[in-house]
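Colleague: I am new to this one. Could we go through how to read its ligand site and its empty spaces?

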Amino acid sequence: MRINFTESKVKKEKPNSENLGFGKYFTDHMFIMDYTEGKGWHDARIVPFENISLSPAAMVFHYGQEMFEGLKAYRTKNNDILLFRPDKNIERMNNTNERLCIPKINPDDVLEAIKELVKAEQDWVPSLPGTSLYIRPFIFATDPFLGVKPAQNYIFCIILSPVGAYYKEGINPVKIFVETEYVRAVKGGIGFAKAGGNYAASLCGQKKAYDLGYSQVLWLDGVHRKYIDEVGTMNVFFVIDNEVITPMLEGSILPGVTRASALDIVKSWGYKVSERRISVDEVFEAQKTGKLNEAFGTGTAAVISPIGLLDRETEKIIINDGKIGNISQRLYDTLTGIQWGLLPDTFGWTVKVK
Ligand code: COI
C-alpha cells in the first residue's frame with residue numbers, strides 16, 4: 001500500500017509522562033484512508049492531526065455506523081518499539097465490520113498503517129514504566145443521507161495517544177457496582193463487536209455507578225439477568241477454589257485480546273481454567289464459603305485490574321481483603337513484562353515496529 005505523508009508544520013509539546021492519565025493527549029499526525037463503493041479503500045495518507053470536516057447529514061451521526069479498536073505500542077529498555085498481538089485486533093476489526101456492514105480492510109494494510117504511523121510518531125512513545133502509546137483505529141460512515149441502510153462511503157482513521165493507567169487506582173483494586181436495571185448487550189446483538197454503540201449503551205449505568213462512588217459497572221446477561229458478562233472497559237475473571245473462571249464468549253461480550261492472552265498465560269502455569277457461564281450468585285456464594293480467592297479485569301487500556309469490592313445493592317463483598325491477588329499480580333508482571341520486552345516473549349506475541 002502506498003501511504004502519502006504530509007508533515008505537520010506545528011509540533012506539539014509532549015506531556016509530562018508522570019501524569020498522562022488516559023486518552024487526553026494526541027500526537028502530531030494521524031492516518032486516514034477513504035472507502036468509496038466501487039473503488040474500495042483508497043488514498044492512504046499520514047497527515048497532521050486535525051479536525052475532520054463532515055456533512056451534518058453524515059450517516060454516522062444518525063445511525064451510529066462506527067467501529068473502533070484499541071492496542072498499544074511499548075518502548076523497551078533497548079529503545080525498540082513493540083506492538084502486542086496486532087493481528088488479533090485486526091482480526092476483530094474485520095469481525096466487527098462484518099456485523100456492522102462496514103467493508104472489510106486488508107489486514108496487511110491495517111498493520112502497515114499502524115506501523116508507519118507509530119514509526120512516524122516514535123518520539124511520542126513514552127518510556128516511563130507503566131506508560132505506552134495507545135493506538136485507536138476507527139471507521140465511520142460518511143454518506144450525507146438520512147435513509148437507514150449501510151453507507152457507501154467511509155473513513156478509516158488511526159490516532160495515537162500517550163497514556164498511563166486507565167483507572168486512577170493504577171494496579172490497585174477497583175470497586176465495581178453490579179448493574180441490575182440496565183443491560184449492555186444481548187446475544188444476537190452487537191455485544192461482541194467493538195462498536196461505539198455498545199459504549200453509548202453503557203454510559204447510563206456507568207454514570208450511576210460513578211455517582212455511587214464506584215469505578216465501573218459489572219454487566220449481567222440481558223436475558224436471565226444473572227450471568228456475568230463483562231465490565232465494559234474490560235473482561236472479568238474470578239478465581240474460585242483455585243479454578244480460574246471467565247465468562248464464555250456467547251455473543252454478548254467482547255472477545256478481548258488481553259482476555260485471550262491471560263487465559264493462555266494462566267493455562268501455561270498449570271491452573272484449571274474454565275470459560276463458562278458464571279452467575280453473580282455463584283461469586284457471592286463463593287465469597288461466603290471462603291472459596292473466592294480473587295477477581296480481576298483484563299483489557300488493553302485496563303491491563304490487569306484487580307477487583308477489590310463488588311456491590312449488588314442488597315449486599316457487598318470485599319474480595320481478597322481488598323488487596324491485589326497473587327494471580328492478578330503475577331499476570332500483570334508477566335503480561336507487562338512481555339509487552340515492555342523485559343521478559344522473553346515465549347508466546348511470540350510481540351511485533352517490532354522499529
Ligand atoms: C481498550 O481497552 O482498548 C478499550 O477499548 C476499552 C475502553 C478504553 C473503551
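**The ligand and its surroundings**

Modeller: The ligand lies between domain 1 (4-163) and domain 2 (174-339), because both give residues to the shell around it; the bounds come from an automatic or database domain assignment. This is a predicted model, where local features need pLDDT of at least 70, side-chain atom pairs count only at pLDDT 80 or more, and totals for chains, interfaces and linings use all residues. Residues are numbered from 1 along each chain as its sequence is written, and side-chain values use heavy atoms, with hydrogens and water left out.

Colleague: Which residues are around the ligand?

Modeller: A residue counts if one of its heavy atoms lies within 4 Å of the molecule. Here they are Phe22, Phe68, Gly70, Tyr134, Arg136, Tyr166, Lys194, Tyr199, Thr300 and Ala301.

Colleague: Which side chains have an N or O atom paired with a ligand oxygen?

Modeller: A polar contact is a pair of N or O atoms within 3.5 Å. The Tyr134 side chain has such an atom 2.6 Å from a ligand oxygen, and for the Lys194 side chain the distance is 2.8 Å. A polar backbone atom of Thr300 is 3.3 Å from a ligand oxygen. Taken alone, the ligand exposes 280 Å², and the protein buries 91% of that (Shrake-Rupley method, 1.4 Å probe).

Colleague: How is empty space found?

Modeller: A probe the size of a water molecule is rolled over the atoms, which shows where empty space is left. A cavity is a set of points, on a 1 Å grid over the protein atoms alone, where a 1.4 Å probe fits but cannot get out. One cavity of 30 Å³ or more is counted. The largest cavity has a volume of about 80 Å³, the space filled by probe spheres set on the points.

Notes: A polar contact is a pair of N or O atoms within 3.5 Å; within protein, one must be able to donate a hydrogen and the other to accept it, and residues adjacent in sequence count only if both atoms are side-chain atoms. On a 1 Å grid over the protein atoms alone, a cavity is a set of points where a 1.4 Å probe fits but cannot get out, and a pocket is an open set with protein on both sides within 12 Å along at least five of seven lines; lining residues have an atom within 4 Å of a point.
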